[in-house]
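Here is a friendly walk through one model, starting with its sheet and moving on to its charged pairs. Have the structure open as you read.

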Amino acid sequence: MVALVTGASGGIGAAVARRLAADGYTVAVHYCHGAEKANALAEEIGGMAVQADLRDFAAIDRMADEVSERLGAIDVLVCNAGVSVTGLYQEISDETAEELFRVNVGGTMHTAKKVLPMMIRRHSGCILTISSIWGEVGAACEVHYSASKAAVIGFTKALAKEVGPSGIRVNCISPGVIDTPMNAMHSAETMAELAEETPLGVIGQPEDIAEAAAFLVSDRAKFITGQVLSVNGGFGI
């Protein structure tokens with residue numbers, strides 16, 4: 001079984017890659033800039049590292065081709081890669097917004113589009129997208145990020161309906177506040193406030209998302225598709 005995890009050089013992606021490898025998958029560890037981390041992780045879990053800038057759809061095509069040629073047809077795709085931008089809505093430039101959507105939405109959609117034919121041919125496969133609590137409830141000063149992650153949810157639900165007859169499941173995980181490099185921009189005080197706002201009283205760990213991912217791509221979830229699993233400690237409910 002082969003899994004491709006995008007944005008797997010650190011944070012949630014790395015945790016998902018490790019968890020799937022533990023379940024017996026051969027994992028392709030995608031990265032854009034973090035070559036050293038990706039190669040180290042691939043060596044650790046017995047997989048392969050593969051580079052692509054997800055803003056470049058031709059690069060996505062080359063990445064998927066390389067994975068399938070070296071490891072075989074992709075059984076599981078985890079679309080985890082994403083970027084964020086923080087600031088007042090009217091102060092974010094159009095260029096910055098377009099780049100964010102190109103990665104978060106375009107990169108997710110095109111990677112799935114490239115991988116789908118090999119799944120359809122075998123009448124089997126699983127696609128898992130990673131959204132965000134902000135894609136469900138929105139966040140001030142993260143309007144573009146929130147909108148892009150809401151789009152990922154819409155994409156997941158629609159694609160699940162379209163490819164379900166082909167035996168392919170498509171689901172989404174919506175993380176709450178997780179201890180990742182993306183959240184490293186926040187001060188310790190802010191993270192403490194976010195933990196206090198979380199009913200369980202703690203910040204989530206990447207492994208919490210990885211456990212949910214392992215379940216959703218497994219046969220234990222064989223009758224689950226088109227769903228959004230919020231892994232958030234109760235944050236935002």
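## Sheet and salt bridges

In this predicted model, strands β1 (residues 2-5) and β2 (residues 26-31) pair in the parallel sense over four bridges. One place to look is valine 2, whose bridge partner in β2 is threonine 26.

The two strands belong to an open sheet of seven, with parallel pairing and the order β3-β2-β1-β4-β5-β6-β7. At the edges sit β3 (48-51) and β7 (228-231), each of which pairs on one side only. From one strand to the next, the twist averages 20°. Helix α1 (residues 11-22) packs on this sheet and touches β1, β2, β4 (76-79) and β6 (168-175). The direction of α1 makes about 175° with that of β1.

Now for the charged side chains. The count of salt bridges comes to nine, including these:

| Acidic residue | Basic residue | N to O distance |
|---|---|---|
| aspartate 53 | arginine 55 | 2.6 Å |
| aspartate 56 | arginine 62 | 4.0 Å |
| aspartate 65 | lysine 114 | 3.0 Å |

Lysine 114 lies in helix α4 (residues 94-122) and aspartate 65 in helix α3 (residues 57-71), so their salt bridge ties together parts that are 49 residues apart in sequence. Lysine 114 is partly exposed, at 24% relative accessible area, and aspartate 65 is partly exposed as well, at 31%. Salt bridges with shared partners also join Arg19, Asp23 and Glu211 into one network.

How exposed are the partners in the aspartate 56 pair? Aspartate 56 is partly exposed, with a relative accessible area of 33%, while arginine 62 is exposed, at 51%.

How values were computed. Residues numbered from 1 in each chain as written. Predicted model: local features only at pLDDT ≥ 70, side-chain atom pairs only at ≥ 80, totals over all residues. Heavy atoms only, no water. Pairing = 2+ DSSP bridges. Axes fitted to C-alpha atoms, helices over the stretch in contact; angles between N-to-C directions. Contact = heavy atoms within 4.5 Å. Buried < 20%, exposed > 50% of the residue type's maximum accessible area, 1.4 Å probe, protein only.
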